[in-house]
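User: I've got a chain here and I'd like to talk through how it is put together. Can you take my questions one at a time?

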Amino acid sequence: MRHIISILLENEPGALSRVSGLFSARGYNIESLTVAPTEDATLSRMTIVTTGSEEIVEQITKQLNKLIEVVKVVDLSDGAHIERELMLVKVRAAGKDREEMKRMADIFRGRIIDVTDKSYTIELTGEGSKLDAFLQAVEPGLILETVRTGASGIGRGERVLKV
């Protein structure tokens, strides 16, 4: 099962390395990882997407809580949450493909953020499945480059990750 683990940790050098090292040392895979400072400059929020059984994720959570820099750990998959991912995709947009790429961006509610004579760079946000659907809908030969952030998530309603 896919899990989104959100971690609040001290914003210190080496903290990211220790968290990712915990995963690799135990043979767990990280599908995506995002990290950035929070509204409190002394804390960072890390979002890790991984797969595994409930027992494995429980073990990961226990191990994460043992790390000195870790303040709080929450498995967002345990409750209602919102997740989004950002993708920038550069596509060939010359001749007849130009109008088709504009139409595809509109259908997927993307924004064209850079235009040249031969290409568009399109920004898309949403769940990973939406971004995957866009890539499948575009002819493979038209995709020049793709960059994705990985998932970021937040609990719905009153569910908050704070100290």
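Analyst: Sure. One term up front: a residue is called exposed when its relative accessible area is over 50%, and buried when that value is under 20%. Keep in mind that this is a predicted model.

User: Which residues of H1 are exposed on the other side of the helix?
Analyst: Start with the buried residues of H1, a helix that spans residues 15-25: they are Ala-15, Val-19, Leu-22 and Phe-23. Seen down the helix axis, these fall within an arc of 95°, so they line one face of H1. On the other side, the exposed residues are Ser-17, Ser-24 and Ala-25.

User: What covers the buried residues of H1?
Analyst: The cover includes both strands and another helix. Among the covering elements are strand E1 (2-10), strand E3 (43-51), helix H2 (54-66) and strand E4 (70-75).

User: Which residue just after H1 takes a positive phi?
Analyst: H1 covers residues 15-25, and the residue to look at sits just after the helix. Its phi is about 75°, and the residue is Gly-27.

User: How many helices and strands does the chain have, and in what pattern?
Analyst: The secondary structure comes to four helices and nine strands. Read along the sequence, the pattern is β-α-β-β-α-β-β-α-β-β-α-β-β.

User: How do E6 and E7 pair, and how many residues lie between them?
Analyst: Strand E6 takes residues 111-115 and strand E7 takes 119-126, and they pair in the antiparallel sense over four bridges. Within this pair, Arg-111 stands opposite Glu-123 in E7. The two strands form a hairpin, and the number of residues between them is three.

User: What is the bridge partner of Ile-82 in E9?
Analyst: Strand E5, residues 81-92, pairs with E9 in the antiparallel sense over four bridges. E9 has a covered face, with Gly-153 and Gly-155, and an uncovered face, with Ser-152 and Ile-154. The partner of Ile-82 comes from that uncovered face: Ile-154.

User: Is Leu-86 buried, partly exposed or exposed?
Analyst: Leu-86 is in strand E5. Leaving out residues up to four places away in sequence, Leu-86 touches Glu-123, Leu-124, Thr-125, Leu-131, Val-147, Arg-148 and Thr-149. Buried would need a relative accessible area under 20% and exposed one over 50%. Leu-86 has 28%, so the word is partly exposed.

User: How far apart are the C-alpha atoms of Leu-86 and Ser-129?
Analyst: Along the chain, Leu-86 and Ser-129 are 43 residues apart. In space, their C-alpha atoms are separated by 12 Å.

User: Why can Val-147 be part of a surface patch, and what is the accessible area of that patch?
Analyst: Val-147 lies in strand E8, which runs over residues 143-148. A patch residue needs over 30% relative accessible area, and Val-147 passes that cut-off because its value is 45%. With Leu-88 and Ile-113, Val-147 forms a nonpolar patch whose accessible area together is about 220 Å².

User: Stepping back to the chain, what share of the contacts comes from residues 24 or more positions apart?
Analyst: Of the 163 residues, 37% count as buried. The chain exposes about 9300 Å², with carbon and sulfur atoms supplying 51% of that area. Counting contacts with a separation of 6 or more, the share from residues 24 or more positions apart is 75%.

Terms used:
Residues are numbered from 1 along each chain as its sequence is written. This is a predicted model: local features need pLDDT of at least 70, side-chain atom pairs count only at pLDDT 80 or more; totals for chains, interfaces and linings use all residues. Side-chain values use heavy atoms; hydrogens and water are left out. Buried means under 20% relative accessible area, exposed over 50%, partly exposed in between (1.4 Å probe, protein chains only). Two strands pair if DSSP finds at least two bridges between them. Patches are made of residues with over 30% relative accessible area and no salt bridge: like charges are joined within 9 Å, nonpolar side chains (Val, Leu, Ile, Met, Phe, Trp, Tyr) within 5 Å. Accessible areas come from the Shrake-Rupley method with a 1.4 Å probe; for residues, only the protein chains shown count as cover. A salt bridge is a side-chain nitrogen of Lys or Arg within 4 Å of a carboxyl oxygen of Asp or Glu. The arc is that of the directions from the helix axis to the C-beta atoms. Contact means heavy atoms within 4.5 Å.
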